[in-house]
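Me: Please go through the salt bridges and nonpolar cores of the model shown here, one question at a time.

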Amino acid sequence: MARDSGTEALAELAQERVDHRFKGLPPDAAGLTVAELTVQRRNLFTGGFATPVLALSAERLEHNLALMETYAARHGLAFAPHGKTSMAPQLFHRQIEHGAWGITLAVPHQVWVARAFGIGRIFLANELVDAAALRRLAAELDADPDFRFVCYVDSVRGVELMDAALTEAGAGRPVDVVVELGAGAGARTGARTEEDCAAVADAVAAARTLRLAGVAGYEGEVPDADPERVRAWLRRLVALAVDFDRAGRFTGLAEVVLSAGGSAWFDAVADVFAEVPDLSLPVLKLLRSGAYVSHDDGHYREVTPFNRVPAEGALEPAFRLWTQVVSRPTAEQAFANAGKRDAAYDLDLPFAQVVRPSDGGPERPATGVAVSGLSDQHAWLRTAPEAELEVGDWVGLGLSHPCTSFDKWQLIPVAEADGTVVDYIRTFF
């Protein structure tokens with residue numbers, strides 16, 4: 001799909017009507033289009049929004065987008081951020097505006113979402129063997145000569161299934177594939193040895209409908225990952241690309257794709273990819289980190305590479321989940337009206353950060369308040385003697401793990417520091 005069609009699809013999002021599908025939005029906004037609501041620039045705290053409501057910080061979102069653009073450029077990396085984090089086409093386009101080569105995705109449905117919104121370059125970090133999806137992919141490639149698609153292969157069987165389905169579909173353009181090198185014993189996907197990778201590459205060479213475009217993998221799956229182990233695996237990946245090039249496996253290409261990079265070790269990727277020797281073709285060094293766009297207050301705050309390279313900058317957590325105290329049964333306990341349906345909890349429980357008193361008093365730190373558990377629709381709050389918390393107060397929660405935060409909200413307000421809502425982000429999970 002051409003980029004202008006994607007622009008039209010984005011514009012159509014603003015014409016969606018606010019209704020029961022969207023949590024946390026002002027009840028009196030029902031029937032307005034998203035564009036009409038946006039123009040009103042309502043305040044998140046005084047404009048009728050209902051708790052629980054998840055919000056993104058406008059300033060922090062922009063900071064994170066700009067920081068990773070600068071980082072990738074500084075290190076000579078192309079960037080295809082993983083779109084499964086947000087599944088938000090508006091953010092995909094902002095990432096591309098901030099220098100991204102394209103968008104990484106994981107499953108066919110995500111590819112169709114991206115194509116519906118005009119994304120012209122997609123890296124699928126998975127082997128694609130579903131015949132129905134391959135038929136549609138073949139049609140997409142044949143209909144749009146500018147569409148660039150690359151996906152993993154990690155088995156001879158997978159290559160055979162792809163070739164059979166694409167042949168049956170009458171595919172006119174070969175599908176570009178990269179051999180995935182597994183991160184080690186017990187890791188996730190990927191061919192386990194260099195010999196296995198060579199066998200997969202041989203199978204690709206024998207398939208009329210596929211073209212070997214490079215090698216790739218995910219260093220986040222390295223067992224017992226530490227800087228030494230991660231760099232050692234990345235050097236194996238680089239050596240694989242060098243060996244394939246020397247063997248003449250990349251004929252007919254304009255460039256060789258070399259790709260890695262989650263959100264925990266992209267500094268190691270930058271360091272090792274800087275060591276790549278000259279090949280017979282230019283090398284597209286493709287980083288795929290995705291969680292940076294919103295960052296978080298838990299897991300990624302702890303593992304971000306910027307902790308190791310503070311001179312390069314720092315990401316800022318952009319999410320905050322606003323919930324309201326609905327019960328205060330004892331001095332040691334309170335309950336707020338957001339739970340597992342609203343907040344990520346797979347890596348860490350939410351973090352109580354600030355309180356906005358129901359009487360309109362100033363926002364204050366959530367001193368002595370901690371989230372001790374989540375039910376489906378309640379947050380269990382443990383309150384120390386110094387905690388000032390009453391029924392009706394709003395509590396702002398920080399979240400851990402962007403991927404399982406975005407997926408619980410279909411329309412997310414973007415608010416400036418003073419609470420003015422300036423945009424709404426639509427997700428498609």
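Me: Is Arg-94 buried, partly exposed or exposed?
Reply: The model is a predicted one. Buried means under 20% relative accessible area and exposed means over 50%. Arg-94 has a relative accessible area of 23%, so the class for Arg-94 is partly exposed.

Me: Which residue forms a salt bridge with Arg-94?
Reply: The closest N and O atoms of the pair are 2.8 Å apart. The two residues lie 32 positions from each other in the chain, Arg-94 in helix 4 (residues 89-97) and its partner in helix 3 (residues 58-74). The partner is partly exposed at 32% relative accessibility. That residue is Glu-62.

Me: Which strands does the salt bridge between Arg-211 and Asp-176 tie together?
Reply: The side chains of Arg-211 and Asp-176 meet at 2.7 Å, N to O. The two residues sit in separate strands, so their pair ties together parts that are 35 residues apart in sequence. Arg-211 lies in strand 7 (residues 210-216) and Asp-176 in strand 6 (residues 175-180), so the answer is strand 7 and strand 6.

Me: Which residue of the Arg-211 and Asp-176 pair is buried?
Reply: The limit for buried is under 20% relative accessible area. Arg-211, at 31%, counts as partly exposed. The other residue of the pair has a relative accessible area of 4%, so the buried one is Asp-176.

Me: Which residues are joined into one network by salt bridges that share partners?
Reply: One bridge joins the side chains of Arg-21 and Asp-19, at 2.9 Å from N to O. Arg-21 is partly exposed at 30% relative accessibility, and Asp-19 is partly exposed at 28%. Through shared partners, the network consists of Glu-16, Asp-19, Arg-21 and Arg-426.

Me: How many salt bridges does the model have?
Reply: A pair counts when a side-chain nitrogen of Lys or Arg is within 4 Å of a carboxyl oxygen of Asp or Glu. By this rule the count is 26.

Me: Which helix gives the most residues to the largest nonpolar core?
Reply: This core has 113 residues, and Phe-149, Val-175 and Phe-273 have the most contacts inside it. Among the residues that Val-175 touches are Leu-137, Phe-149, Met-162 and Arg-211. The top contribution from a helix is 9 residues, and it comes from helix 9 (residues 227-246).

Me: How many residues are in the other core, which lies apart from the largest one?
Reply: Nonpolar side chains tend to be buried together in soluble globular proteins. The other core includes Val-34, Leu-37, Leu-44 and Val-354. Its residue count is 17.

Notes: Residues numbered from 1 in each chain as written. Predicted model: local features only at pLDDT ≥ 70, side-chain atom pairs only at ≥ 80, totals over all residues. Heavy atoms only, no water. Buried < 20%, exposed > 50% of the residue type's maximum accessible area, 1.4 Å probe, protein only. Helix = DSSP H or I, 4+ residues; strand = E, 2+ residues; numbered from the N terminus. Core = buried A, V, L, I, M, F, W, Y, C linked by side-chain atoms within 4.5 Å. Contact = heavy atoms within 4.5 Å. Lists of a residue's contacts leave out its neighbours within four places in sequence.
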